[in-house]
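This report describes a structure for a reader who has not met it before. The sequence and the model are shown first, and the account follows.

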Amino acid sequence: MGGEATELPMIDFSGVVPSVPGSGPWAAVRAQVMDALTTFGCFGAHYPPLTPELRASLFDGAVKPLFSLPVETKRRNYYGPDKPLHGYLGGLPGLDAYESLAIIDGPKPEPVRAFADLIWPGGANAGFCEVVHGAAKRFAELEETVRRMILEGLGVAKYHEAHNESTWHLLRMSEYKVPNADEKWIGYLSHQDTNSLSVVCQHEVDGLEMQTRDGEWILVKPPPTSLIVMVGNALRAWTNGRLHAPFHRVMVRGDVTRYSAILFSVPEFMIQAPDELVDEDHPPRFKPYRHNDFVGFCVSEEGAHHDDKLKAFCAV
Ligand SMILES: O=C(O)CCC(=O)C(=O)O
Ligand SMILES: [Fe+2]
């Protein structure tokens, strides 16, 4: 075919001030965001508030030391039986290379401190807290900015404040060990995220792959100082299918361990497309549902049989 390889759109957020919506290049950036999210469901973001120094401190000073701790210590990152996917994950079947830890409300200082106190009781962990909370806060500012732009772009900005009040964030830090082989190895299986938006910060080592609407897998190669913003099934459903939630996976190869930090925004409100987004040309696609119930379906035996889990769960 000889066509150009598909590349992820890159969007420059320089000059966009999260606390002053509408100012500077806001409207022009919003147009690019809408274009990228309706077509690909994701884009690379150049976001200067996450400085290269903060990024380096996050991974070299906080994330890597965390993963070098004994498994028993990491297992303390547990939020109870009703929140099985909110804490430490490791030793999952078929995912030997993958391990992760997560902080509920990571963009807020107290939960990060509570996490650090659990991992290093009585230890000197102020540096860890400052860096992790600082980075998570910047991810959250970008996340909220993009969410606001989406609602504005769809003409339904009036719902933004209510959404914000019942949205929380999970910060997940992940390690993908190198396989003992030359081939590519699955670090994380193909899936769509269940939540609203995900902001992925990968460190030095590529590996995240996205599937286009045509089924082509592309290796995401954002410039080293950028982030990746991606739509999950919650926003796909709430926008009545106007936004695309891409399938993605992590493939690892080579001899360098890969680390990433991801901020997931999670809706607590009933996920139901607003009347403005439903009409004759856009009949309702999904029945109203709650995020928790959908997550329950995704991890159930029945859910495991479906690729497009949202459709299987609540398509009209
Ligand atoms: O680590 C990454 O780059 C992405 C992992 C992922 O897709 C997820 O945790 O949902
Ligand atoms: Fe994901």
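## Sheet, helices and ligand shell

In this predicted model, strand S3 runs antiparallel to strand S4 (residues 98–104), and 2 bridges join them. Within this pairing, Leu 89 has Ser 100 in S4 as its bridge partner. Helix H2 (residues 52–67) packs on the sheet and touches S4, S5, S7 and S12; the direction of H2 makes about 95° with that of S12.

The sheet is open and has 8 strands, in the order S1-S2-S10-S7-S12-S5-S4-S3, with mixed pairing. At its edges lie strand S1 (10–12) and strand S3 (89–90), each of which pairs on one side only.

A further contact involves two helices. The axes of helix H1 (residues 26–39) and helix H5 (residues 126–153) come within 9 Å and cross at roughly 85°; H1 and H5 are therefore roughly perpendicular to each other. From H1, Arg 30, Val 33, Met 34 and Leu 37 meet Val 146, Met 149, Ile 150, Glu 152 and Gly 153 of H5.

Ligand 1 is surrounded by residues that include Arg 172, Tyr 188, Asp 193, Gln 202, His 248 and Ile 262. Two or more residues of this shell come from each of strand S5 (167–176), strand S7 (197–203), strand S11 (248–252) and strand S12 (258–267).

The table gives the residue classes of the helix contact and of the ligand shell.

| Group | Nonpolar | Polar | Charged |
|---|---|---|---|
| Contact of H1 with H5 | 6 nonpolar residues | 1 polar residue | 2 charged residues |
| Shell around ligand 1 | 5 nonpolar residues | 4 polar residues | 2 charged residues |

Technical notes. Residues are numbered from 1 along each chain as its sequence is written. Chains are lettered from A and ligands numbered from 1 in the order in which they are written. This is a predicted model: local features need pLDDT of at least 70, side-chain atom pairs count only at pLDDT 80 or more; totals for chains, interfaces and linings use all residues. A residue is near a molecule or strand if its C-beta atom, placed from the backbone, lies within 6 Å of it. Helices (H or I, at least four residues) and strands (E, at least two) are DSSP runs, numbered from the N terminus. Ala, Val, Leu, Ile, Met, Phe, Trp, Tyr, Cys and Pro count as nonpolar, Asp, Glu, Lys and Arg as charged, and the others, Gly among them, as polar. Two strands pair if DSSP finds at least two bridges between them. Two residues are in contact if their C-beta atoms, placed from the backbone, lie within 7 Å. Axes are lines fitted to C-alpha atoms, for helices over the stretch in contact, and angles run from 0 to 180 degrees between N-to-C directions. Angles under 35 degrees count as roughly parallel, over 145 as roughly antiparallel, 65 to 115 as roughly perpendicular and the rest as oblique.
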